[in-house]
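Got the viewer open? Good: turn the whole model round once, then follow along and select as you read.

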Amino acid sequence: MNKSKLFEKYVLNNNVEVSNRLVVAPITLFSSNMDGSINDEELHYLKNRGKDIGMYILGSTAISPEGISAITQPRAFSEIDLPSLRERANLIKKQGALAIVQINHRGALASRELGLPPVAPSSDIAKKILESKGIHSDTIHELTDNEIKKLIDKFAQVTELCIKAGYDGVELHGANNYLLQQFFSPYSNRRTDDWGGSEVKRMNFPIKVVNAVCKMREKYNRPDFIIGYRLSPEESYEGGINMDNTLELVKVLSSKPIQYIHISQKNYFQKARNGECAGQERLKLIHNITQDKMALIGVGGLLSEKDINTAINSGFTEFVGVGKASILNEDLGVLLKNGKGDKLILELDSEHPEKYNIPTNLWKMCLTGQDWLPPLKRKNY
């Protein structure tokens with residue numbers, strides 16, 4: 001194999017230098033306290049995982065009570081959350097990685113653990129989506145024009161909290177059927193006002209969020225503060241987001257003063273399923289637009305040293321993101337940098353939890369074998 005680009009430096013379009021091309025993708029740990037504050041299990045998980053990592057994107061931080069994924073996720077509701085936000089940022093930065101925090105709103109798929117009804121662009125189709133997942137919901141609130149504008153402001157306010165907390169940047173979660181994606185999707189957004197209908201109007205909410213977050217950065221005179229946007233390129237719903245839609249969104253995002261786009265998918269080399277670009281590698285198509293403008297992060301099934309090096313050497317992206325590999329290996333970056341990639345753990349051994357320092361809630365989820373979590377080691381009988 002040719003020499004890997006993995007530990008080459010990269011300078012973002014705002015002149016921030018990243019020490020290498022390895023990114024830890026945002027992982028929801030489901031392990032904060034019930035008020036979203038940090039605890040010993042979370043501290044223990046994070047304390048070594050940022051070593052020899054370029055950017056560490058801390059997972060799923062909720063921006064408001066009605067948009068939580070789970071009651072045990074980090075929050076950035078108000079300044080009350082600053083101490084825990086600051087502690088997480090400091091933990092990662094002390095290890096040498098840039099600390100980015102993903103901020104999000106779950107929309108129609110939000111948890112009701114705080115007693116609030118979910119909100120959505122369009123309530124009727126949101127109910128159908130929930131029912132298709134086996135979730136019965138009597139009440140889903142369709143957002144009003146004024147409420148949408150308040151949510152845009154909320155994303156900006158949360159960015160302000162993250163700047164105060166000492167993060168190096170924020171990632172806007174527009175993937176995995178979160179609220180930003182729900183607005184962009186022609187399947188889940190059936191509105192006919194300024195927030196829906198045409199492709200351009202369906203972009204209004206996510207793009208205005210991007211604009212508001214960029215303006216907050218300007219307010220603090222922090223051109224070095226990194227802003228990223230994560231998206232899922234295609235939806236499985238008939239009539240949902242296709243690759244052509246995504247490429248149009250990427251063109252608009254590429255005109256904004258953000259530093260990267262992060263593509264969420266199961267396989268790094270996954271090909272477009274539909275649209276005029278069907279059969280072509282998604283990341284290559286997107287990179288054709290983003291190159292020389294901003295960085296692109298690709299993820300998807302990268303577990304071994306060979307997987308990771310093949311991905312970064314493909315030239316499809318400036319960075320490769322890992323999630324499962326980071327859960328399995330708290331010293332992932334160290335092993336790769338020191339030529340010990342053959343020591344990487346590739347499967348989770350359910351009989352030896354002491355190997356991983358995974359928080360209790362996340363460990364229990366890992367044992368269910370869900371495909372977004374590390375593969376389980378097969379037992380020999």
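Here is a tour from the whole chain down to single residues.

**Before you click**

You are looking at a predicted model, where local features need pLDDT of at least 70, side-chain atom pairs count only at pLDDT 80 or more, and totals for chains, interfaces and linings use all residues. Residues are numbered from 1 along each chain as its sequence is written, and side-chain values use heavy atoms, with hydrogens and water left out.

**The whole chain**

Start with a cartoon view. The protein chain has 13 helices and 12 strands; these are DSSP runs, numbered from the N terminus, with helices being H or I of at least four residues and strands E of at least two. Its radius of gyration is 20 Å, close to the 21 Å the globule rule gives for 381 residues, so the chain is as compact as a globular protein of that length. (That radius is taken over C-alpha atoms, and the rule is 2.2 Å times the number of residues to the power 0.38.) Along the principal axes, the C-alpha trace spans about 55 × 50 × 45 Å.

Now switch on the surface. The protein chain exposes about 16100 Å², with carbon and sulfur atoms supplying 47% of it; the areas come from the Shrake-Rupley method with a 1.4 Å probe, and for residues only the protein chains shown count as cover. Of the 381 residues, 58% are buried, where buried means under 20% relative accessible area, exposed over 50%, and partly exposed in between (1.4 Å probe, protein chains only).

**Select helix α9, residues 282–290**

Is this helix mostly covered or mostly open? Mostly covered: seven of the nine residues in α9 are buried. Among them are Leu-283, Leu-285, Ile-286 and Ile-289. Show the neighbours too, and you'll find the buried residues of α9 packing against α8 (243–253), β10 (260–263) and β11 (295–298). Just past the helix, click on Asp-292, which follows α9 and has a positive phi near 70°.

**Step back to Gln-270**

Gln-270 sits in the loop between β10 and α9. Which residues does it touch, apart from neighbours within four places in sequence? Gln-265, Gln-280, Glu-281 and Arg-282, with contact meaning heavy atoms within 4.5 Å. Try the distance tool here: the C-alpha atoms of Gln-270 and Arg-282 are 6.3 Å apart, though 12 residues separate them along the chain. Arg-282 is one of the buried residues of α9 that you just visited.

**Next, the cysteines**

Pick Cys-162 in helix α4 (residues 145–164). Cys-162 counts as buried because its relative accessibility is 0%. Leaving aside neighbours within four places in sequence, Cys-162 is in contact with Val-101, Ile-103, Tyr-167, Val-170 and Phe-225. Cys-366 is buried as well, with a relative accessible area of 0%, and Cys-277 counts as buried at 12%. How many disulfides does the structure hold? Zero, a disulfide being a pair of cysteine sulfur atoms within 2.5 Å.

**Last stop: two asparagines in loops**

Select Asn-15, in the loop between β1 (10–11) and β2 (17–18). Asn-15 has a positive phi of about 70° although it is not a glycine, and this residue is exposed, with a relative accessible area of 67%. Then jump to Asn-176, in the loop between β8 (169–174) and α5 (179–184). Phi of Asn-176 is positive too, near 55°, while its 32% relative accessibility makes Asn-176 partly exposed.
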